[in-house]
Amino acid sequence: MKTAFKQYQRIEATGLWRPSPDIQRREVVVSIGEATLTISDFNEQALTHWSLAALERQNPGAFPAIFNPDGDPDETLELDESETMMIEAIDRLQRAIDRARPHPGRLRWVSVLGVLAAVAALLLLWMPVALQNHVVSVVPDIKRADIGHTILQRIERVSGRACTSEDAQPALDQLAARTGVQKVVILPAGVQSSLMLPGGIVLLNRALVEDHEDPSVAAGYIIAERARSEAQDPLDDLLDRTGATTAFRLLTTGELTPGIIDTYTEQVLSEPRPSLPDDAVLSMFARTALPSTPYAYAMDVTGESVLGLIEADPMAGRPLQQVLPDRDWVRLQNICGE
């Protein structure tokens with residue numbers, strides 16, 4: 001700090017100072033001290049002293065450079081571009097003061113992060129599966145939703161923007177509520193059929209609403225995604241695909257890099273959705289009181305490969321609650337436009 005001050009202690013500059021907006025600017029002499037900036041008139045009478053540590057520049061990189069005391073933007077000092085040496089001196093001394101100032105909070109955070117990093121490293125080296133399970137269990141719902149929306153944004157770069165319509169949005173919300181998920185998104189392309197993302201976000205290809213007259217088909221695909229998410233949490237699937245270092249990063253920083261998101265997105269969009277035992281799928285249909293038969297025939301029009309979902313339909317012979325009113329379903333079918 002003292003070394004920096006000695007270099008600049010004899011520097012003076014001229015500038016325009018204004019103590020408040022309603023007073024005309026006046027030309028002044030600016031001199032620099034070890035911790036203060038002194039503004040004087042041309043008779044060497046000090047008009048004010050500003051603390052360098054509490055000095056703010058209103059327009060970094062622009063000229064004339066405009067400074068003000070911290071918390072008082074109405075009092076200003078303007079230094080022309082020709083006063084480069086003074087401007088550089090202010091900047092260097094401010095940085096020197098900041099380095100000399102104690103940072104107990106920063107040290108405390110460094111210590112906490114160091115401990116966390118050491119624990120996380122131990123888990124990563126000796127118990128990668130336990131680490132991944134721990135991360136999946138502690139990530140809060142709001143962070144899961146944030147990850148899900150980030151993945152959706154990446155997918156939209158391939159598929160095109162999600163279909164939206166003011167008229168159809170209420171129907172989309174009803175479909176999500178009826179099937180027990182947080183959000184349903186219709187995509188014009190990209191996803192082969194359906195996909196559940198972290199945060200309870202289910203993506204559907206537009207064909208699932210446009211090519212079927214019965215909303216139970218789209219609902220069935222959502223129910224199937226719920227069953228898959230019970231078999232393996234979507235966040236757990238992401239960590240499986242991108243490696244233990246992803247779990248470590250998520251635990252220590254709470255963030256995922258674009259590269260991690262891209263790796264997961266490329267893999268999950270290029271592969272068929274994993275199959276599940278009929279019992280697991282039928283159990284989810286039963287819990288949501290939805291028929292499995294429309295979904296089964298949408299997967300295989302002959303019914304041969306999905307006979308178990310048809311014959312053991314938990315809602316067969318029972319009164320069915322309408323998934324969506326006809327008017328709302330028609331609106332939803334038109335959500336992607338032409």
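Buried means under 20% relative accessible area, exposed means over 50%, and partly exposed is in between (1.4 Å probe, protein chains only). Keep that handy for the tour. You're looking at a predicted model, where local features need pLDDT of at least 70, side-chain atom pairs count only at pLDDT 80 or more, and totals for chains, interfaces and linings use all residues. Residues are numbered from 1 along each chain as its sequence is written, and side-chain values use heavy atoms, with hydrogens and water left out.

**Stop 1: a patch on the surface**

Select L113. At a relative accessible area of 44%, L113 is partly exposed. L113 sits in helix α3 (residues 104-126); helices here are DSSP runs of H or I with at least four residues, strands are runs of E with at least two, and both are numbered from the N terminus. Now add V112 and L116: with L113 they make a nonpolar surface patch of about 250 Å². Patch residues have over 30% relative accessible area and no salt bridge, with nonpolar side chains (Val, Leu, Ile, Met, Phe, Trp, Tyr) joined within 5 Å and like charges within 9 Å. The areas come from the Shrake-Rupley method with a 1.4 Å probe, and for residues only the protein chains shown count as cover.

**Stop 2: the largest nonpolar core**

In soluble globular proteins, nonpolar side chains tend to be buried together. A nonpolar core is a set of buried Ala, Val, Leu, Ile, Met, Phe, Trp, Tyr and Cys residues joined through side-chain atoms within 4.5 Å. Select L175, V184, I186, L204, L332 and I335: of the 38 residues in the largest core, these touch the most other members. Helix α8 (residues 215-231) gives this core its largest share, eight residues.

Zoom in on L175, in helix α6 (residues 169-179). L175 is buried, with a relative accessible area of 0%. Which residues is L175 in contact with, leaving aside its neighbours within four places in sequence? They are V184, A219, I222, V323, L324 and L332, where contact means heavy atoms within 4.5 Å. For a long view, add M86: the C-alpha atoms of L175 and M86 are separated by 65 Å, and the two are 89 residues apart along the chain.

Next, colour strand β8 (residues 183-187), where four of the five residues are buried. β8 pairs with strand β10 (residues 201-205) in the parallel sense, over five bridges; pairing takes at least two bridges found by DSSP. Click V185 and then L203, its bridge partner in β10.

**Stop 3: salt bridges**

A salt bridge is a side-chain nitrogen of Lys or Arg within 4 Å of a carboxyl oxygen of Asp or Glu, and the structure holds 12 of them. Try R25 and E78, whose side chains meet at 2.9 Å, N to O. This pair links distant parts of the chain, 53 residues apart: R25 is in the loop between β1 (12-18) and β2 (26-32), E78 in strand β7 (residues 76-79). Is each one buried or partly exposed? R25 is partly exposed at 40%, whereas E78 is buried at 14%.

Move on to E271 and R241, another salt bridge (3.1 Å, N to O). E271 lies in the loop between α11 and α12 (278-287) and R241 in helix α9 (residues 234-242), so the pair ties together parts that are 30 residues apart in sequence. Finish by selecting K143, D146 and E255, which are joined into one network by salt bridges that share partners.
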